[in-house]
Amino acid sequence: MSKVFCSSRAGLAVTALAAALVAGCATTANPDDPLEGYNRAMFSFNDQVDKVAIKPAAQVYEAVLPGPLRTGIGNVFGNLGDPWIGLNNMLQGKFADGMSDLMRFAFNSTWGLLGLLDIASEAGLPKHDEDFGQTLGRWGVGEGAYVVLPLFGPRTVRDAVAMPADMMGNTPFSIDHVPTRNTVTGTRIVHGRSVLLGTERTLDEAVLDRYAFVRHFYLEQRRYKIEDGRQERMYEDFDEQSGAPANVSSDRALVAPAQAVGSRNRQNVK
Amino acid sequence: MKYILHLFRAFLACLLFAGALPATASADKAPDLLVQDVTNEVLAIVRADKAIQAGDTKRVIELVDAKVLPHFDFRRMTMLAVGRDWRQASPEQQTKLTDAFRTLLVRTYSNALTQYRDQRIVFPPSRFAAADTRVQIRSEVVQTGAQPVGIDYMLEKSEQGWKVFDVIVAGVSLVTNYRSSFGQEISRGGIDGLIKSLEDRNRSLAEQHGLPQGEGGSGA
């Protein structure tokens, strides 16, 4: 199955790349996003796929299954991911968190009825969010360019490289029966999408450029997760008339370094 | 797909940003208590109000106007969203930008509040000293089977009490997230181009939701 999937994905990538080159859009260069032309084309392609296939499926799923059952399904998928999360916590040196993740898996797989119930959270073992891309980040691997993958959506090059490991790690046992495996994968995708129904209108309405918004959100959130929220936030004061703000030396520590650089460049051009 | 899930889950949480902070005597209240009280008060109202749950945009905007807006410093939020180009804007342009951005934020995120059902919000301890004039107050939306989504409020002390100037959802600053798209608009059509884009968006939102034009946030 994955072979077919891969080759069709590659085909889509080529198509989108060609479309991007034809469009040849030269928007303001963002240092994080040298592939912006291609990325924008792939972003709208993914949007189309969502519109015609994934979102309608999620709407049916939400309409047909009762809420508690959907929660249970989400818990099962969450539970299957916990050992991989724990391993990544340990690879990052966070042994206590890693142990907690493994205990979550043990509790929820047994007393939680194969993960249907998330009793570990109630018992004071909170769910974490780790993956191999974050582990690489903690090890000092740079993130590389921002890239929108076909179907999978936003990644950095580093996270895209880590993705195969994450996909395998999130499925601790392999299912040999192909129809069953496809059903599980499909349910996972549709469930994931159904969680988001009802919130997307806010995103659509609130932003001027969805692409730029999602890009910034992804990059900033990845950086935040890799640091586990430890970095301090700096805010500049653009009301000062003198030009250089007092904390100019801390420019690099800004919440949005990329944007700061971007606007600096623009000023230089003027 | 997994990433998009996280993104949107974060935005689901973001709905609750609108739900923070009430209008009661705040000048002397500690910032963490302020955030907790407003959040709890607004969510209690939403939980009890069938019209809001049914998606009554006008009603939820009234609620946000009354309880939430007084605690936000929208001028500072707009300045941070615009970035360096703020210095090139005239005072009139700055006022127009602030008004348009406030209207956009209030309309869109108030709307999201209508999606709130029964998620539990907890307030992990926020560390700050009594003398601090800028604090980060934490809150978390608890969801079963997933990591809690953090919603942090950045507040600064002013003569009118503590004012929120940024909301950080799942580690991402709501305000600076606008900076690159604002920058694009400015490089395309200048400050006035950005003002026009924001006002156009607000107008079409008002038509969609049947709101009177120019409404959506009284001065703060």
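How many helices and strands are there in chain B? Chain B has seven helices and five strands, where helices (H or I, at least four residues) and strands (E, at least two) are DSSP runs numbered from the N terminus. This is a predicted model, in which local features need pLDDT of at least 70 and side-chain atom pairs count only at pLDDT 80 or more, while totals for chains, interfaces and linings use all residues. Residues are numbered from 1 along each chain as its sequence is written, and chains are lettered from A and ligands numbered from 1 in the order in which they are written.

**Chain B**

Select chain B and follow its elements from the N terminus: α-α-α-α-α-α-β-β-β-β-β-α. Of its 220 residues, 55% count as buried (20 or more other C-beta atoms within 10 Å of the residue's own, against 12 or fewer for exposed and partly exposed in between, with C-beta atoms placed from the backbone).

**α5 and α6 of chain B**

Next select residues 74–82 and 91–113 of chain B, helices α5 and α6. They pack at an angle of about 95° with their axes 9 Å apart; axes are lines fitted to C-alpha atoms, for helices over the stretch in contact, and angles run from 0 to 180 degrees between N-to-C directions. α5(B) and α6(B) are therefore roughly perpendicular (65 to 115 degrees). On the α5(B) side, Phe74(B), Arg75(B), Thr78(B), Ala81(B) and Val82(B) meet Leu97(B), Thr98(B), Phe101(B) and Arg102(B) of α6(B), a contact being C-beta atoms, placed from the backbone, within 7 Å.

Now pick Ala81(B). Apart from residues up to four places away in sequence, Ala81(B) touches Phe101(B), Val175(B), Thr176(B), Tyr178(B), Arg179(B) and Phe182(B).

**Hairpin in chain A**

Move to chain A and select β1, residues 146–149. Which of its residues are buried? Tyr146(A) and Val148(A) point to one face and are buried, whereas Val147(A) and Leu149(A) point to the other and are not. Add β2(A), residues 153–156, which pairs with β1(A) in the antiparallel sense over four bridges (pairing requires at least two DSSP bridges). Tyr146(A) stands opposite Thr156(A). Three residues lie between the strands of this hairpin, and Leu151(A) takes a positive phi near 65°.

**Between the chains**

Finally, select α10(A), residues 210–226, with α7(B), residues 179–209. These helices pack at about 145°, their axes 8 Å apart. Ala212(A), Phe213(A) and His216(A) make the contact with Ser180(B), Ser181(B) and Gln184(B).

Key. Parallel < 35°, antiparallel > 145°, perpendicular 65-115°, else oblique. Contact = placed C-beta atoms within 7 Å.
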